[in-house]
Every structure is written in structure tokens, then in C-alpha cells.
Amino acid sequence: MFRTRRLRKTEGIRRLVRENQLSVNDFIYPLFVEEGEGIEKEIVSMPGIKRWSLDTISKELDEVVALNIPAVILFGIPTEKDEVGTETWNDNGIMQQAVRYIKKNYPSLYVITDVCFCEYTSHGHCGVLCDNDVDNDATLINLAKQVISHAKAGVDMVAPSGMMDGTIAMIRESLDQAGYPNLPIMGYSVKYASAFYGPFRDAADSAPSFGDRRTYQMDPANRDEGLREATFDDEEGADILMVKPALSYLDIIRDLKENFDRPIACYNVSGEYAMVKAAAEKGWIDGERVMMESLLSMKRAGADIIITYFAKEAARILNK
Ligand code: PBG
């Protein structure tokens, strides 16, 4: 008889044959930074996650640094929105201020910016509108302006999330020309039009005011197309390829891991976080164990990097 149970008998042997381990080094923690003062507002559908203004955020950053989490990804919530998202390339906008503040006060923390327009446009779509749809190439021109402004503020890495074609090429070329050849890009390469972003859109005030994002984000039915998207980002020079969401797309994470010689990231999104929190609150699941098991599954699928709202909680367990 094949006795596979021999290697499961005690924790000692289980540790020896364990194939994958989570580490705090894998995590990027998302932060919502809001323009204004005195803001520390919990997001109702994401228990434990808050919006911060720059005069309160040190509380959160102190914790992140103390837990040894290497990186944060920033989302900006501006007071002014307009048709095209002009505030995204304001050198004194909330993102730019946040980058400068964090790099000055927490120099060891690696700061990534989410590069998009949906939190900044009056209509909530991820770019410039034309005939009720996002105009790809007009949006690229503004993306370049936004990225240069983040670079000037001192960001460590940019992560364009809008799913416009040609994004990586445009950003790489603009950064190189502006004197930032060493600034890396993490592409939201395979990003699906997902219902799992629901809580985030409340958190960031970024729900589209009409329609949806299906003309730019991917159809959840498609797998081969994910490889195509990742191929373009890879060839255009993305340094890291990301899959988003994570849990329902573990097959895609594995596809990218096997097909590309780049670090692979995944985004464990707001809805995935909210589901675990809600069920745990009801006592229906063991929230801590489900959290660790699902993060581990992303790692096993092939993710080298995990963007997750669980980063602090998981780090507390891993640091023990
Ligand atoms: C911006 C953006 C979104 C998320 C990350 N960047 C929202 C969207 O595409 O609608 C979602 C993150 C989450 O749900 O946690 N384009």
C-alpha cells in the first residue's frame, strides 16, 4: 500500500515536507488616503480598514512598519473630481502629498501608487470619456502625466490599474524620457470586471455613475485572454505582472507563473476580504484560519507577492 500518511504523522515531519510558506515579505498593504484633516473613518464593508488623512495616518504607518510589512500601495481620495481627473497629475494632489509624507517619515517603507482615474473622475470611469465609453488613447496621455507627477513626488513603484491598451509602453517610455529609467512598473495585467470590487468602490468613492467597466476590464469567463494581456505587459516592459482578483482566479495566477519569467503578484481584493470578515463575525467560519489558508492558496498557485487588506493581521501571526 502507498502510505502517504507517514509524512503527515507529526508537526515535525509536516514542517519538513511543507512545500509553500507565507512570509511577511510577500505582502503589500493597501492604504486609502483622503484629502482633508482629522480623518480616520472605518469602511463599513471592510471592518478594520480605514480612510486616513495625512495628519492621522502615522498611527497606521507606525503599525505597518512595526509589523515589518515591506510595502504599501496608495489609493487617493481627492476632494475635487472632474470629467478627466485633472487632480491625478496635480503635483500637490493627495497622492503626491502622501508619497512625499511617507518617504520623508518612513524612508524604509516601499511606496507604490495605484495609477488610475476612477477615484478622480466625476463619472467614476477609469479615464477620459467619449461616446459614453473610455477613450483609450486620450486616457494614455493623461496617464503619462499622472505617472510623472508620482515620480516627481518620489514614489518607489507605479501600478497602473485602468486596463487601457498600451499602458505599460506609454508609462515606460514617459518615465524613461523624464529621467526615471529605474522606476519599476507593476502592471494590473490581468484584471477582471469583477463583482468582488464592491466594497472598494465604497471605500474609494469610485463606483461608475453609469454602466460598468466591461469594455476595459476582462470577462471572468476568459483564461487564454489572460495570457495575451500578460504577454503584452511583459513585452512592453512591466517589471511585475499582477492578477486581480485572486481567489477566484488562482488558475490565472498559475498560468502566469508558468509562462513568464517575472515576479507574479495577485490582489486579494475588497470583496474577498469582506466575505471572510462577515462570515467570521457571524461565527460561521474561523476567520483567522480561513485568512491564512486563502493567502497560502495564492502562494501555492504561484504568487510571489500578495496585495492584501489582511497584511497586518497575517503579519501578526507570522511574526509570532
Ligand atoms: C481602480 C482600482 C480598483 C481596485 C483597485 N484599483 C477598483 C475597480 O477597478 O473598480 C479594486 C481593489 C479592491 O476591490 O480591493 N481602478
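The following exchange examines a helix pair and two pockets in a predicted model.

User: Why are helices α4 and α5 called oblique to each other?

Analyst: The axes of α4 (residues 136-153) and α5 (residues 167-177) cross at roughly 45°. Angles under 35 degrees count as roughly parallel, and those from 65 to 115 as roughly perpendicular. The angle fits neither class, and α4 and α5 are therefore oblique.

User: How do you know that α4 and α5 meet, and which residues of α5 take part?

Analyst: Contact means heavy atoms within 4.5 Å. On that basis, Thr167, Met170, Ile171, Ser174 and Leu175 in α5 meet residues of α4, including Leu140, Val147 and Ala151. By class, this contact has 10 nonpolar, two polar and no charged residues. The two axes come within 9 Å, and the crossing is right-handed.

User: What makes Arg18 and Glu293 lining residues of the largest pocket?

Analyst: A lining residue has an atom within 4 Å of a pocket point. Arg18 and Glu293 are listed in the lining, together with Asn20, Gln21, Leu22, Arg289, Met292, Leu296 and Leu318. Helix α10 (residues 287-301) gives the most to this lining, with four residues. The pocket holds about 270 Å³ of space.

User: What makes three residues of that lining charged?

Analyst: Asp, Glu, Lys and Arg count as charged. The lining includes Arg18, Arg289 and Glu293, and these account for its three charged residues, beside four nonpolar and two polar ones.

User: How much space lies in the second largest pocket, and how does its lining divide?

Analyst: About 150 Å³ of space lies there. Of its 13 lining residues, the closest to the centre are Met163, Asp165, Thr215, Tyr216 and Gln217. The lining divides into five nonpolar, three polar and five charged residues.

Terms used
Residues numbered from 1 in each chain as written. Predicted model: local features only at pLDDT ≥ 70, side-chain atom pairs only at ≥ 80, totals over all residues. Heavy atoms only, no water. Axes fitted to C-alpha atoms, helices over the stretch in contact; angles between N-to-C directions. Helix = DSSP H or I, 4+ residues; strand = E, 2+ residues; numbered from the N terminus. Parallel < 35°, antiparallel > 145°, perpendicular 65-115°, else oblique. Left-handed = near helix turned anticlockwise from the far one by under 90°. 1 Å grid on protein atoms, 1.4 Å probe; cavity = no way out; pocket = protein on both sides within 12 Å on 5 of 7 lines; lining within 4 Å. Points joined across faces, edges and corners; volume = space filled by probe spheres on them.
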